[in-house]
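Hi everyone, thanks for coming. Today I'd like to walk you through one structure, slowly and from the outside in. Please have a look at it with me.

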Amino acid sequence: MTAAIRQYLVITGNYWAFTLTDGALRMLVVLHFHQLGYSPLEIALLFVFYEFFGVVTNLVGGYLGARMGLNRTMNIGLFLQIVALAMLAVPAAMLTVPWVMAAQALSGIAKDLNKMSAKSGIKLLVPDEQQGTLYKWVAILTGSKNTLKGVGFFLGGLLLMAAGFKGAVIIMAVALGLVWLSSLFLLGQDLGKSKAKPKFSEILSKSRAINVLSAARMFLFGARDVWFVVALPVYLHTVFGWDFWKVGGFMASWIIGYGFIQTIAPRITGNMEGKQPAVLWAAALALIPAAIAIGLMAGWSPQIVIVGGLLLFGVLFAVNSSLHSYLIVSYARGDGVSLDVGFYYMSNAAGRLLGTILSGWVYQAWGLEACLWISSGLVAMAALLSVLLPERRPVTA
């Protein structure tokens, strides 16, 4: 086993362990506060700081990764998640909304430090001429992460039933602590540390390709979350009459399937040939929310329209996301890669934050159809921006 593959396995293992706790924690908070009588919109607002600090962390985290090394930023992310879990192991009387929002903010910082470090680290392990290998490694890492996040949803519900809220977060904190201790010894020293100390002003990308791709990413993820985060769960619960477990199970299954499609995206798209796949796949995706909205407005069976449309949306969205994840790693500089990747995922977090806020507000004011039309428009913006991406040569494995 080569040193590069060993480091890839350590990075992937860290990312997997973190993702399991991230998905489980989200489900734990949703279920626990639902049991306490909070509305779906109020529960969603608990995660606003989680998304907001993701924007800040990606912007600053790339700079820290270039100066300190990605091994340190990844290990800091793991440690902060342990602290966030420990914050939630306090007596029930202390679990106030501000306290939970603070813990979620810390978890958001941890998650994006971990993700930025993992995605940046892979760039350094694959020779630049092996773009096909890079695409496959990024697709596997990204897809497996989302699959495990869905598994984490199930894990959170299982732990809540078996050990209660406090017991669940303690179990996860201990398990992640063991992963963190292992990572301190196994992860390569100074991975991704820039040879030239970057200036803080360099956190804003000067690359046209990365700026365009980042803007497209923001609209892409805003388009998903504008109907997926709040509007869809509330609609399934109130209109379809699904109980909370059925809603959570359906959405967890969707995320697992979405992650699987991401892992096989290179087989679906074939060789990359510049900006064209990003434009075409985004244009195809933009049609799906619009078609779902038209179906609902026409009075067709909402169960068939929404469930079928959501499955198709998941497939196309997964391919778009995997393409973007590959392109940012490919476009990024070799020296100081985390600066470019951090800036890009800052836009990703900004899109999630925008989508989360819009999802609750638009659904409450105008309903699910309005959320779907906005989603279609946001994806169309991502497609238009992708036209401005530079061409790339076809990849070779």
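I'll begin with the whole chain and then move on to a few residues and helices.

One thing to keep in mind throughout: what you see is a predicted model. So, what is the chain built from? There are 14 helices and 0 strands. If you read along the sequence, the pattern is simply α after α, right through to the end.

How much of the chain is buried? Of its 397 residues, 60% count as buried. The accessible surface comes to about 15400 Å², and 71% of that belongs to carbon and sulfur atoms. Here is another number for the chain as a whole. Take the contacts between residues at least 6 apart in sequence: 87% of them join residues at least 24 apart.

Now please find helix α1, which covers residues 3-35. I picked three residues in this part of the chain. Let's start with Asp 22. Is Asp 22 buried or exposed? Its relative accessibility is 6%, so Asp 22 counts as buried. Asp 22 also has a charged partner, Lys 149, and their side chains meet in a salt bridge at 4.0 Å, N to O. This pair links distant parts of the chain, with Lys 149 in helix α6, Asp 22 in helix α1, and the two positions 127 residues apart. Lys 149 has a relative accessible area of 19%; buried means under 20%, so Lys 149 is buried. If you wonder about the chemistry, side chains of opposite charge can pair when their charged atoms come close.

Further along α1 we reach Arg 26. Arg 26 has 18% relative accessibility and therefore counts as buried. Leaving aside neighbours within four places in sequence, Arg 26 is in contact with Phe 47, Tyr 50, Glu 51 and Phe 153.

Next comes Met 27, also in helix α1. With a relative accessible area of 9%, Met 27 is buried. What does Met 27 touch, beyond its neighbours within four places in sequence? The contacts are Phe 153, Gly 157 and Gly 248. Try this one on your screen, too: Met 27 and Ala 252 are 225 residues apart in sequence, and their C-alpha atoms are 9.6 Å apart in space.

Back to salt bridges for a moment. How many does a search of the whole structure find? The search finds 4. One of them joins the side chains of Lys 111 and Asp 112, at 3.6 Å, N to O. Asp 112 forms a salt bridge with Arg 352 as well, where the closest N and O atoms are 3.8 Å apart. Here Asp 112 sits in helix α5 (residues 97-125) and Arg 352 in helix α13 (residues 337-366), 240 residues apart. Lys 111, Asp 112 and Arg 352 are thus joined into one network by salt bridges that share partners. Both Lys 111 and Asp 112 are buried, and Arg 352 is buried too.

Let's look at a pair of helices. The axes of α7 (residues 208-228) and α8 (residues 231-238) come within 5 Å and cross at roughly 25°. Angles under 35 degrees count as roughly parallel, so that describes α7 and α8. Val 226, Trp 227 and Phe 228 of α7 make the contact with Ala 231, Leu 232 and Pro 233 of α8.

Last stop, the surface. A nonpolar patch of about 720 Å² is made by Ile 170, Val 174, Leu 178, Leu 181, Leu 184, Phe 185 and Leu 186. Leu 186 lies in helix α6, which spans residues 131-186. Leu 186 has 52% relative accessibility and so counts as exposed.

Technical notes: Residues numbered from 1 in each chain as written. Predicted model: local features only at pLDDT ≥ 70, side-chain atom pairs only at ≥ 80, totals over all residues. Heavy atoms only, no water. Patch = residues over 30% accessible without salt bridge, like charges linked within 9 Å, V, L, I, M, F, W, Y side chains within 5 Å. Areas by Shrake-Rupley, 256 points an atom, 1.4 Å probe, with all protein chains shown as cover. Helix = DSSP H or I, 4+ residues; strand = E, 2+ residues; numbered from the N terminus. Buried < 20%, exposed > 50% of the residue type's maximum accessible area, 1.4 Å probe, protein only. Axes fitted to C-alpha atoms, helices over the stretch in contact; angles between N-to-C directions. Parallel < 35°, antiparallel > 145°, perpendicular 65-115°, else oblique. Contact = heavy atoms within 4.5 Å.
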